[in-house]
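Here is a quick briefing to read alongside the model. It goes through some backbone oddities, a helix, a few strands and some aromatic side chains.

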Amino acid sequence: MRKRIFRIIMSLAILLLVILSGMLAYSYFNVERAVSRSYQKSGLKAAENGSKEEVLKGKKPLVVLLLGTDTGALGRDYKGRTDSIMVLVLNPRTKKSTIVSIERDFQVNFPQYPQYSPSKINAAYTYGGVKLLSQTLDRYFKIPVNTYALINMGGMKSIIDQLGGVDITPLLSFDYGDYSYKKGVTTHMNGDKALEYCRMRYDDPEGDYGRQKRQRQVLTAIIKSGADVQSLLKPTFLNSVSSQVRTDLTFSDLTQMAKSYRAGGDQLETDYTHGTGFNQDGVSYQHISLAERQRISDLVRQAAVLKKVQLANGQYQ
């Protein structure tokens with residue numbers, strides 16, 4: 001199955017990596033402070049499978065909403081839209097992780113905000129934060145959400161620079177920003193060049209799907225780079241990354257995840273919503289059929305060890 005691993009998983013992966021390898025006495029204080037700076041309440045209520053605390057305590061499958069933005073600093077007043085939306089299910093019992101990416105242009109209605117409906121699902125975060133986005137996923141897919149992690153693109157740039165760059169073999173030739181990329185020629189990229197490689201969209205024959213491939217490629221390179229744990233524990237690096245991340249996972253939560261969910265990465269299943277593009281009132285949307293939403297719902301709920309539910313088309317108007 002084609003892997004759809006986006007930039008967002010790095011927010012959680014880095015935090016977990018730091019926790020897993022940072023329990024040394026000299027680094028404990030710095031890590032705790034970094035996680036504290038990243039903390040932001042979500043407004044999420046207890047999901048179908050329980051609250052975040054109940055799930056972690058019971059070592060049950062944890063459903064994480066992973067989000068990415070590329071519209072300035074996270075501390076700004078304007079939230080911006082989420083460029084990437086993924087659902088990650090970590091199952092500590094089967095030692096398996098499931099990642100499903102949701103097409104950001106999926107057309108939805110927000111009953112709480114009729115004045116903004118119809119809209120793209122990536123606008124949910126703008127209008128109602130993580131809470132509205134979670135409610136929308138539940139409405140259209142019956143997907144529960146226990147917790148979330150959001151990262152700004154600047155976070156990925158900082159990570160790559162801290163690692164000394166990554167080797168990338170471009171999937172196509174193009175010029176973007178201040179850089180040129182040649183298909184098939186492996187290039188050592190710093191954070192800025194890798195970030196621009198991920199950002200280009202409109203000159204890609206596959207559009208946003210092509211960009212997703214490149215994002216996945218860079219993320220895979222980061223994971224395989226053999227990160228120097230000691231460099232990741234430096235206060236300067238922790239401060240940089242924590243300023244680019246927001247999550248309702250506390251230091252205690254992450255410590256619990258490190259103990260109970262560490263083996264969740266042994267097996268990885270990935271998927272994504274398949275949609276059809278269309279224009280309405282001059283706006284480009286994606287339509288995701290009832291059958292496709294049912295498929296995604298079944299996939300996520302099975303990973304979370306929840307009973308399948310039958311979706312009904314009429315309830316989404």
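A residue counts as buried under 20% relative accessible area, as exposed over 50%, and as partly exposed in between. Lysine 95, with a relative accessible area of 43%, is therefore partly exposed. Bear in mind that this is a predicted model.

**Backbone oddities**

- Most residues other than glycine have a negative phi, and most peptide bonds are trans.
- Lysine 95 isn't a glycine, yet its phi is positive, at about 55 degrees. You'll find lysine 95 in the loop between strand E2 (84-91) and strand E3 (96-102).
- Valine 305 is another non-glycine residue with a positive phi, about 55 degrees. Look for valine 305 in the segment after helix H11 (290-303). With a relative accessible area of 58%, valine 305 is exposed.
- Serine 117 and proline 118 are joined by a cis peptide bond, with omega at about -5 degrees. Proline 118 sits in the loop between strand E4 (107-108) and strand E5 (119-120).

**Helix H4, the bent one**

- How far does helix H4 (residues 124-141) span between its end C-alpha atoms? The span is only 15 Å, whereas a straight helix of 18 residues would cover 26 Å at 1.5 Å a residue.
- At valine 130, H4 bends by about 95 degrees.
- Plenty of H4 side chains to check for burial: the buried residues include Ala124, Tyr125, Gly129, Val130, Leu132 and Leu133. Further along H4, Ser134, Thr136, Leu137, Arg139, Tyr140 and Phe141 are buried too.
- Right after H4 comes lysine 142, and its phi is positive, near 55 degrees.

**Strand E3 and its partners**

- Six of the seven residues of E3 are buried, so the rest of the structure largely encloses this strand.
- E2 and E3 pair in the antiparallel sense, over seven bridges. One bridge to look up is asparagine 91, whose partner in E3 is lysine 96.
- The hairpin of E2 and E3 has four residues between the strands, and lysine 95, with its positive phi near 55 degrees, belongs to that hairpin.
- E3 also pairs with strand E12 (residues 267-272), this time in the parallel sense and over six bridges. Here serine 97 stands opposite leucine 268 in E12.

**Arginine 104**

- Is arginine 104, in the loop between E3 and E4, buried or exposed? Its relative accessibility is 9%, so arginine 104 counts as buried.
- Leaving out residues up to four places away in sequence, arginine 104 touches Thr82, Asp83, Lys120, Ile121, Asn122, Arg201, Asp208 and Arg211.

**Aromatics**

- The structure has ten aromatic pairs. One of them is phenylalanine 174 with tyrosine 197, which is stacked: 5.9 Å centre to centre, with 20 degrees between the planes.
- That pair links distant parts of the chain, 23 residues apart: phenylalanine 174 is in strand E8 (residues 174-176) and tyrosine 197 is in helix H6 (residues 191-199).
- Phenylalanine 174 and tyrosine 197 are both buried.
- Arginine 214 lies over the face of tyrosine 197, at 5.9 Å from the ring centre.
- Elsewhere on your list of rings, Phe110, Tyr113, Tyr116 and Tyr127 make up one aromatic cluster.

Terms used:
Residues numbered from 1 in each chain as written. Predicted model: local features only at pLDDT ≥ 70, side-chain atom pairs only at ≥ 80, totals over all residues. Heavy atoms only, no water. Helix = DSSP H or I, 4+ residues; strand = E, 2+ residues; numbered from the N terminus. Buried < 20%, exposed > 50% of the residue type's maximum accessible area, 1.4 Å probe, protein only. Expected span 1.5 Å × (residues − 1). Bend = angle between axes of the 7 residues up to and from the residue. Pairing = 2+ DSSP bridges. Contact = heavy atoms within 4.5 Å. Phe/Tyr/Trp six-rings, centres within 6.5 Å; stacked < 30°, edge-to-face > 60°. Lys NZ or Arg CZ within 6 Å of the ring centre and 35° of its normal.
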